[in-house]
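Biologist: Please give me a close look at a single part of this protein, the sheet and whatever packs around it. I should like one connected account rather than separate remarks.

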Amino acid sequence: MTFLLELIAWYGLREFVVIAPAANNDAVLSESKCNLLLSSVSIALGNTGCQVPLFVQIHQKWRRMYVGECQGPGVRTDFEMVHLRKVPNQYTHLSGLLDIFKSKIGCPLTPLPPVSIAIRFTYVLQDWLQYFWPQQPPDIDAIVGGEVGGLEFGKLPFGACEDPISELHLATTWPHLTEGIIVDNDVYSDLDPIQAPHWSVRVRKADNPQCLLGDFVTEFFKICRRKESTDEILGRSTFEEEGRETVDITHALSKLTEPAPVPIHKLSVTNMVHSAKKKIRKHRGVEESPLNNDVLNAILLFLFPDAASDKPLDGFTSTGNNNPSSDNEEYNLYNQFKSAPSDSLTYKLALCLCMINFYHGGVKGVAHLWQEFVLEMRFRWENNFLIPGLANGVPNLRCCLLHQKLQMLNCCIERKRARDEGKKSTLSDYTSSASAGDSGPDHLKDTDKEKGEVGKSWDSWSDSEEEYFECLSDTEELKGNGQENGKKGGAKELSSLKPEGRLHQHGKLTLLHTGEPLYIPVTQEPAPMTEDLLEEQSEVLAKLGTSAEGAHLRARMQSACLLSDMESFKAANPGCFLEDFVRWYSPRDYVEEEVVDEKGNVILKGELSARMKIPSNMWVEAWETAKPVPARRQRRLFDDTREAEKVLHYLAVQKPADLARHLLPCVIHAAVLKVKEEETLENISSVKKIIKQIISHSSKVLRFPNPEDKKLEEIIHQITNVEATIARARSLKAKFGTEKCEKEEEREDLEKFVSCLLEQPEVSVIGAGRGHAGSIIHKLFVNAQRAASMAPVEEEPKRTSSSEERRQNSGSDFPAPAGRELILRTTVPRPAPYSKALPQRMYSVLTKEDFRLAGAFSADTSFF
């Protein structure tokens, strides 16, 4: 496409055909081959009557030389070209080019018709000495006021480290001049750029400028490709036994025969963690730690602000809002990216790890911080301290898996705290009632049992199956209540039971057979699930197959919560039947209709629905199996101890690569928010469209569990490009001083001008050198010229002609033009005075190391 644009500029054509060699080694170099090709082209055009110009590429491809011909009725136009490396001095100005043009057309008329001239000079500004690049490099050694590297925790850096605008090209144009009006020779020139009627500007952007946000995200993404575990990165395994490396291998088998007592007290998880901490400190000294204590403590304080509170930690409640308004754009963004809310612990952890990876130790620092984070999670679980920055409730499946795991751990802590507080309150109630004087023997007996039950630490049950069943005192109490007889007897025996676990009365409903009010029982909450547990459960249920036995087993597995609710209902409503339970639990499965009894009265008669009457119905089986047990004495549906240990194990075995994969959506989420924030300050329409495209692309890629690396790289590249565009806008605004304009109208014009420079290849300057933008550009060149005149002379001599040296020494505000373009046009009869007057055109371009002439000369072929 480049050569097409060049041909359009050189010859002023819009339609043409180009014949070029297929390979570089097939270039047409000899003059005889060139003439042979042109002759062939001429014959082909004459025979076919084609009026489209036909070009042939000659010489080496890098020279971009094209010659050709065009034939019409009685007209032939020859396209010729001259390409030189060194420019003769007499052809560096208008006077010498006019001599070439006139001699080439060889017009027989005297005087020669006037020649129309168009001139364009290009000036390049490279020195921005008066404008320093405003992006300050971060100080990676500073830690002041909760900041690391001059960057506040929880925020990403933004901006280019170098000026993203490398050059400014000013094109001054005189579109309509006539020979004789303007003087331009080797001594004097009237072509002052300030007086040019038309100015246009284009900027050259720096190739791939280093951008902080893009580097942050890119470096974090590189961790995803690492293979090492945390122990391998930090060195020796933190759980390695002391002196293990010194053991003689010859005694390895003797361990199988030697009796060794098992130290039971050392098998607890708490002791293992404490011993691990000691070995961490032993194997990795303070000076060897990737993170120094100041940085580590500052980050941990940022992640866990409740640790610095004077109040006890167990009074801290999580403040993270996991369910903001659905109208909130940020809500939709984290929902689309499957990341985490911007005020959550997971989100903050992702940003801290990103900062640590870039500034403090790389992947080793990431592994160190993660290890400390896991130990903090273990500490909070063992001491019943809630994790800050997480919403209450079940795990949010719209978030990333790591965020769900942390929420699951918080659920476990909440359940454990509630259970322990409930036992403490029960103990205090019994103590207070005993002190009130209720000293009957039966009461004392029950109170002693309750004391024994509550006094026993709940943590001490964690390794025993007895935790999930009724304790001894509860079992005896149930026997006393007639539970044993209730299994053999009917509603009479059940109705004699003492009601337990009532929440409140259910409206005006009463039990169908006894007429007693129907009470809603206190029930267990269903077990929270993360998405990986849901997938495992789905796989297990799917493997049971479609057979009758498999379907029955699947139904039993899914009815654990139903059975628990039935037992709670029976305990709260002695003498109840399945119909009573269905009326509360699933009203649609109890059908009522009006019927007329024997006395002629209209009454309501109800019965179970058809699906409840199916043989071997799971509800009926569960009801027959259920015992009247209140929720507080049931086996727990949600084993918080086991689930918490599973979560902690899951966190501990995460490699830095796995961790980066989990948190990359949060980092991309934060990067998009940062770009949106910075774009709002600049208000660039093109950037807004690109940000919408990034969000749309990211939402499609990040929804999958394991997105492809190539697609992730595309997203990061798009974010980096947007950052560079915003940095270019700020660079241009700083150079043109848009904030310094006192008049609102001038400021708006400048901002519009800067915006056009970013989006368009070349922008016209309104008013040329006399306009507001033109005066600023003029000042930029003046300051650059002054700086250049004060600079020391370079050893390498400048390749300028004597005329250019004279012009430079004349005190001009502009340097010598980096490019000179001239177009000479006239209409003369050729080749004879009586021939038809035809247009003649010659284009000339002169740069520092290149000189090119491209002429289109037409001749009348009617009589020749």
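Modeller: Among contacts between residues at least 6 apart in sequence, 73% join residues at least 24 apart. The model is predicted, and its secondary structure comes to 28 helices and 17 strands. Of the 864 residues of the protein, 44% count as buried.

The part you ask about is an open sheet of 11 strands, with mixed pairing and the order 1-2-3-4-17-16-15-5-8-9-14. Strand 1 (17-19) and strand 14 are its edge strands, each of them pairing on one side only. From one strand to the next, the twist averages 20°.

Within that order, strand 4 (residues 75-84) and strand 17 (residues 850-860) run antiparallel and are joined by 10 bridges. One of the residues concerned is H83, whose bridge partner in strand 17 is R852. Helix 3 (residues 94-105) lies across this part of the sheet: strand 4, strand 5 (116-125), strand 15 (819-829), strand 16 (837-847) and strand 17 are the strands involved. The direction of helix 3 is at about 35° to strand 15.

A second helix is to be considered with strands 8 and 9. Helix 25 (residues 709-736) packs on the sheet and touches strand 8 and strand 9, its direction making about 60° with that of strand 8. Strand 8 (residues 165-178) and strand 9 (residues 198-205) are themselves antiparallel, paired over eight bridges. In this pairing L170 stands opposite V201 of strand 9. Strand 9 is also joined to strand 14 (residues 763-765), again in the antiparallel sense, by three bridges. There W199 stands opposite V765 of strand 14.

These residues lead to the nonpolar interior. I777 touches L170 and V201, W199 and V765, and in addition L168, F736 and F753, residues up to four places away in sequence not being counted. The largest nonpolar core has 139 residues, and F736 and I777 are those with the most contacts inside it. Apart from that core lies another, of 25 residues, which includes V56, V67, C70 and V845. V845 falls within the range of strand 16, residues 837-847.

The edge at strand 1 offers a further detail. D26 is placed in the loop between strand 1 and helix 2 (31-48). With a relative accessibility of 46%, D26 counts as partly exposed, because that class lies between the limits of 20% for buried and 50% for exposed. D26 and I58 are 32 residues apart in sequence, while their C-alpha atoms are 9.9 Å apart in space.

For the packing of one helix on another, helix 10 (residues 345-359) and helix 11 (residues 362-382) may be examined: their axes are 8 Å apart, and the angle between them is about 145°. The crossing of these two helices is right-handed. Helix 10 contributes L345, L349, C352, L353, I356 and N357 to the contact, and helix 11 contributes G362, V363, G365, V366, L369, W370 and F373. By class, the residues of this contact are 10 nonpolar and three polar, with no charged residue.

Notes:
Residues are numbered from 1 along each chain as its sequence is written. This is a predicted model: local features need pLDDT of at least 70, side-chain atom pairs count only at pLDDT 80 or more; totals for chains, interfaces and linings use all residues. Side-chain values use heavy atoms; hydrogens and water are left out. Axes are lines fitted to C-alpha atoms, for helices over the stretch in contact, and angles run from 0 to 180 degrees between N-to-C directions. Helices (H or I, at least four residues) and strands (E, at least two) are DSSP runs, numbered from the N terminus. A crossing is left-handed if the near helix is turned anticlockwise from the far one by less than a right angle, and right-handed if clockwise. Contact means heavy atoms within 4.5 Å. Ala, Val, Leu, Ile, Met, Phe, Trp, Tyr, Cys and Pro count as nonpolar, Asp, Glu, Lys and Arg as charged, and the others, Gly among them, as polar. Two strands pair if DSSP finds at least two bridges between them. A nonpolar core is a set of buried Ala, Val, Leu, Ile, Met, Phe, Trp, Tyr and Cys residues joined through side-chain atoms within 4.5 Å. Buried means under 20% relative accessible area, exposed over 50%, partly exposed in between (1.4 Å probe, protein chains only).
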